[in-house]
Amino acid sequence: MRKNILKGLLCLTLAITALSFSSCKDDDYPPITLTSVASEALLENNTLEIPLFSPGVSFYIMGGNGSYIIEAPSTDKIDYRYDGNQLTILPQALGNASLTISDRAGNYMTLQVNVSYPETTYHVSEVAGIAQGGGLTQDQTLEIQNDIEANSPVQAGGKYVFTYTNESRSEGMVTLYADKAGTNERHGIFTQTASDNGDQKIHIELTDGKSYDLILSSSFNPDTMTKTEMIPGRILWQDVTDVYRSLYPALEKAYCLQSIPGETL
């Protein structure tokens, strides 16, 4: 009888001990996530788009048990720094890579990283043709302006996508989308240089043989305009005088003006 009682007490003690150990284990940690330190980081569905030549992007690590292990199988495409507070991912070369964040409780997340050339997109909201010449008739002036607008490299709703292939962002590839529907997509290369006044001179050469010299500016001299309204904000403008002067000898100056989104002509 005593033996059975002792055996029962031993089983009860073991059961209580096992229960106490299992209750110390907490499986209710929130999942590991990343919160961007700067809002420009493009993070979606644990996939990060990061431009080459950038100084990297930083995140706060959230969730898990708070003690994190960072692992990157290869550092030829990306590298990282973690100071216990912020995780910074640094681009190294074009391509795809992955990075895993885990804790000792078994929680983890895997981040897919795509390193690509940096891009700038200029959406065109409006196009205007400007024609000047004291000897031009009103009909000729209107005819030139309409033709300039019809032959603009990009129409209202279209866009330019510049892809920079060097760190100084002075050259690269360009794609022109003629309109909002994305029709007549054209490709080429470009070079870009800064003027003393802050304007950007952009030379485009397309694969179809056409070339354009544009100037990206925050203003356009109203003294050269025949329209009464001012042009606020940034514009891409092109001097097209030589294109029309042979047909209209009285023409003095002609411009194609393309307004960047949010700005109106």
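Thr141 sits in helix α2 of this predicted model. Is Thr141 buried or exposed? Thr141 is buried, because its relative accessible area is 17% and the cut-off for buried is under 20%. Setting aside neighbours within four places in sequence, Thr141 touches Ala131 and Leu136.

**The pocket beside α2**

Helix α2 spans residues 138-150 and helps to line the second largest pocket. Which other helix supplies at least two residues of this lining? That helix is α3, residues 241-245. The second largest pocket holds about 260 Å³ of space. A general point helps here. Rolling a probe the size of a water molecule over the atoms shows where empty space is left.

How many residues line the second largest pocket? The lining has 15 residues. Nearest the centre of the pocket lie Ile148, Asn151, Ser152, Pro153 and Tyr212. By class, the lining counts eight nonpolar residues, five polar ones and two charged ones.

**The whole protein**

The protein has 265 residues, and 37% of them count as buried. Three helices and 18 strands make up its list of elements. Contacts can be sorted by distance along the chain. Of those with a separation of 6 or more, 53% join residues 24 or more positions apart. The protein exposes about 15500 Å² of surface. Carbon and sulfur atoms supply 51% of that area.

**Confidence**

The average pLDDT of the protein is 84. A score of at least 70 is reached by 82% of the residues. Two stretches score low. Residues 1-26 stay under 50, and the model gives them zero contacts beyond four places in sequence. Residues 226-230 are also below 50, but this stretch has 11 contacts beyond near neighbours in sequence. Where pLDDT is low, the predicted coordinates should not be read in detail.

**Four loop residues**

Four residues from loops come next. The table gives the loop and the relative accessible area of each.

| Residue | Loop between | Relative accessible area |
|---|---|---|
| Asn45 | β2 (42-44) and β3 (47-51) | 70%, exposed |
| Arg169 | β12 (159-164) and β13 | 37%, partly exposed |
| Glu185 | β13 (171-177) and β14 (186-194) | 40%, partly exposed |
| Arg234 | β16 (211-217) and β17 (235-239) | 36%, partly exposed |

Start with Asn45. Why does Asn45 count as exposed? Its relative accessible area is 70%, and exposed means over 50%. The backbone of Asn45 also stands out. Asn45 is not a glycine, yet its phi is positive, about 50°. Most residues other than glycine have a negative phi. What lies across from Asn45 in space? The C-alpha atoms of Asn45 and Leu111 are 8.7 Å apart, although 66 residues separate the pair in sequence.

Arg169 has a positive phi too. Its value is near 55°, and Arg169 is a residue other than glycine. Arg169 lies in the loop between β12 and β13. At 37% relative accessibility, Arg169 is partly exposed.

Strand β13 leads on to the loop of Glu185, which ends at β14. Which residues does Glu185 contact beyond its neighbours within four places in sequence? They are Thr175, Leu176 and Tyr177. Glu185 can also be placed against Lys159. Those two are 26 residues apart in sequence, and their C-alpha atoms are 10.0 Å apart in space. Glu185 is partly exposed, with a relative accessible area of 40%.

Arg234 belongs to the loop between β16 and β17. How far apart are the C-alpha atoms of Arg234 and Asp199? They are separated by 9.8 Å, with the two positions 35 residues apart along the chain as the sequence separation. Arg234 is partly exposed, at 36% relative accessible area.

Technical notes
Residues are numbered from 1 along each chain as its sequence is written. This is a predicted model: local features need pLDDT of at least 70, side-chain atom pairs count only at pLDDT 80 or more; totals for chains, interfaces and linings use all residues. Side-chain values use heavy atoms; hydrogens and water are left out. On a 1 Å grid over the protein atoms alone, a cavity is a set of points where a 1.4 Å probe fits but cannot get out, and a pocket is an open set with protein on both sides within 12 Å along at least five of seven lines; lining residues have an atom within 4 Å of a point. Grid points are joined across faces, edges and corners, and a volume is the space filled by probe spheres set on the points. Helices (H or I, at least four residues) and strands (E, at least two) are DSSP runs, numbered from the N terminus. Ala, Val, Leu, Ile, Met, Phe, Trp, Tyr, Cys and Pro count as nonpolar, Asp, Glu, Lys and Arg as charged, and the others, Gly among them, as polar. Buried means under 20% relative accessible area, exposed over 50%, partly exposed in between (1.4 Å probe, protein chains only). Contact means heavy atoms within 4.5 Å. Accessible areas come from the Shrake-Rupley method with a 1.4 Å probe; for residues, only the protein chains shown count as cover. pLDDT is the predictor's confidence in each residue, from 0 to 100.
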